[in-house]
Amino acid sequence: MSFKVLVLEDEIGIRSFVSINLKREGYEVIEAPTGEEAIEKVKTNKIDIALLDVMLPGISGIQVCKFIRENYDNIGIIMLTAKGQENDKIIGLNSGADDYIVKPFSPKELLARINALLRRVKKDNSQDQLIICNPFTLDLSQRKLFKEDREIEITPTEFSIIRYLIKNEGKSISRDELLDAIWGKNYIGDLKIVDVNIRRIRSKIEENPSKPKYIQTVWGYGYCLRKED
């Protein structure tokens with residue numbers, strides 16, 4: 001099975017570099033030099049992973065990220081950020097991105113990030129089962145989360161985090177453990193990506209995200225999921 005990767009990058013040298021390396025690994029690559037074109041490509045193609053440059057003329061990578069997340073929850077998103085632009089990383093993650101990679105990057109690092117994200121995006125139809133942790137139900141075959149009878153729209157990475165926390169319900173999970181479990185042991189990045197995703201999940205499942213009832217903070221350590229009595 002060939003996976004489709006959208007590469008949104010206005011610099012032709014970087015775009016060609018990324019495309020060539022992805023094609024060598026068997027990916028089908030769809031290129032877009034502008035945010036406007038990227039949105040049209042998403043509408044007309046079944047994209048698995050989107051690589052989005054943040055800084056673009058016209059529609060930015062952040063805006064494309066928001067568009068994808070609002071309309072296509074099953075697409076994995078990796079933001080391409082400039083070195084030292086810490087704010088771009090946080091804005092991208094808060095906009096729904098699953099990961100980010102800092103330029104310049106090696107083909108090996110890029111492929112590792114894509115492969116790790118694909119494992120979270122792909123459905124595992126062999127896992128035709130439900131996990132129930134009141135008031136939540138996880139449908140593993142459809143990769144959907146329900147709170148009581150209402151479906152909660154979540155990204156592939158958020159689904160993986162929820163599944164891990166539910167499987168370890170009542171146990172304190174460190175940020176390092178979550179990072180290893182969800183992003184992989186060889187992930188090159190910082191722990192902020194864990195906290196940003198937890199905040200996003202809380203905004204969707206908690207009645208009062210500032211006083212979380214379900215995903216509770218273990219200060220100086222990590223997080224713990226508690227089910228409803």
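Where is the place of Pro135? This residue sits in the loop between strand 6 and strand 7, and the close-ups below get there after a look at the whole chain. Keep in mind throughout that this is a predicted model.

**View 1. The whole chain, with its 8 helices and 12 strands.**
Let's start zoomed out. The C-alpha trace covers about 55 × 35 × 30 Å along its principal axes. For 229 residues, a compact globule would have a radius of gyration near 17 Å, and the chain, at 18 Å, agrees with that.

**View 2. The open sheet with strand order 6-7-8-9.**
Here 4 strands line up, and their pairing is antiparallel. Strand 6 (130-133) and strand 9 (150-152) are the edges, each with a pairing on one side only. Ignoring direction, neighbouring strands in this sheet are turned against each other by 25 degrees on average. Take strand 6 and strand 7 (residues 136-139): they run antiparallel, with 4 bridges joining them. Look for Ile132, whose bridge partner in strand 7 is Thr137.

**View 3. Helix 6 and helix 8, both packed on that sheet.**
Which strands does helix 6 touch? They are strand 6, strand 7 and strand 8 (144-147), and the direction of helix 6 makes about 120 degrees with that of strand 7. Helix 8 packs on the sheet too, where it touches strand 7, strand 8 and strand 9. Its direction and that of strand 9 make about 165 degrees.

**View 4. Two loops of the sheet, one with a cis peptide bond and one with a positive phi.**
Back to Pro135, in the loop between strand 6 and strand 7. The peptide bond that joins Asn134 to Pro135 is cis, with omega at about 5 degrees. Now move along to the loop between strand 8 and strand 9, where you'll find Glu148. Phi of Glu148 is near 60 degrees, which is a positive value in a residue other than glycine.

**View 5. Another cis peptide bond, this one between Lys103 and Pro104.**
Omega comes out at about -5 degrees here. Pro104 belongs to the loop between strand 5 (99-103) and helix 5.

**View 6. Helix 5 (residues 107-121) packed against helix 6 (residues 156-167).**
Follow the chain into helix 5 and see how it meets helix 6. Their axes lie 8 Å apart, at an angle of about 70 degrees. That angle makes the two helices, helix 5 and helix 6, roughly perpendicular. Their crossing is left-handed. On the helix 5 side, the contact is made by Leu117, Arg120 and Val121, while helix 6 brings in Pro156, Thr157 and Ser160. Sorted by class, the contact residues of helix 5 and helix 6 are 3 nonpolar, 2 polar and 1 charged.

**View 7. Helix 4 (residues 86-94) crossing helix 8 (residues 192-205).**
Helix 8 appeared on the sheet in an earlier view; here its partner is helix 4. The axes of helix 4 and helix 8 come within 9 Å, crossing at roughly 35 degrees. The crossing is right-handed. Helix 4 makes the contact through Glu86, Ile90, Leu93 and Asn94, and helix 8 through Lys192, Ile193, Val196, Arg199 and Arg200. How many residues of each class are in the contact of helix 4 with helix 8? There are 4 nonpolar, 1 polar and 4 charged residues.

**View 8. Helix 2 (residues 35-44) alongside helix 3 (residues 61-71).**
The axes of helix 2 and helix 3 come within 9 Å of each other and cross at roughly 20 degrees. The two helices, helix 2 and helix 3, are therefore roughly parallel. This crossing is right-handed. Gly35, Ala38, Ile39, Val42 and Lys43 of helix 2 meet Val64, Phe67 and Ile68 of helix 3 in the contact. By class, the contact of helix 2 with helix 3 has 6 nonpolar residues, 1 polar and 1 charged.

**View 9. The open sheet with strand order 10-12-11.**
To finish, here's a sheet of 3 strands with antiparallel pairing. Strand 10 (173-174) and strand 11 (215-218) form the edges, and each pairs on one side only. Strand 10 is joined to strand 12 (residues 222-225) by 2 bridges, and they run antiparallel. To find your way between them, look for Ser174, which stands opposite Gly222 of strand 12.

Note on methods: Residues numbered from 1 in each chain as written. Predicted model: local features only at pLDDT ≥ 70, side-chain atom pairs only at ≥ 80, totals over all residues. Heavy atoms only, no water. Pairing = 2+ DSSP bridges. Axes fitted to C-alpha atoms, helices over the stretch in contact; angles between N-to-C directions. Parallel < 35°, antiparallel > 145°, perpendicular 65-115°, else oblique. Left-handed = near helix turned anticlockwise from the far one by under 90°. Contact = heavy atoms within 4.5 Å. Nonpolar A, V, L, I, M, F, W, Y, C, P; charged D, E, K, R; others polar. Rg over C-alpha atoms; globule rule 2.2 N^0.38 Å.
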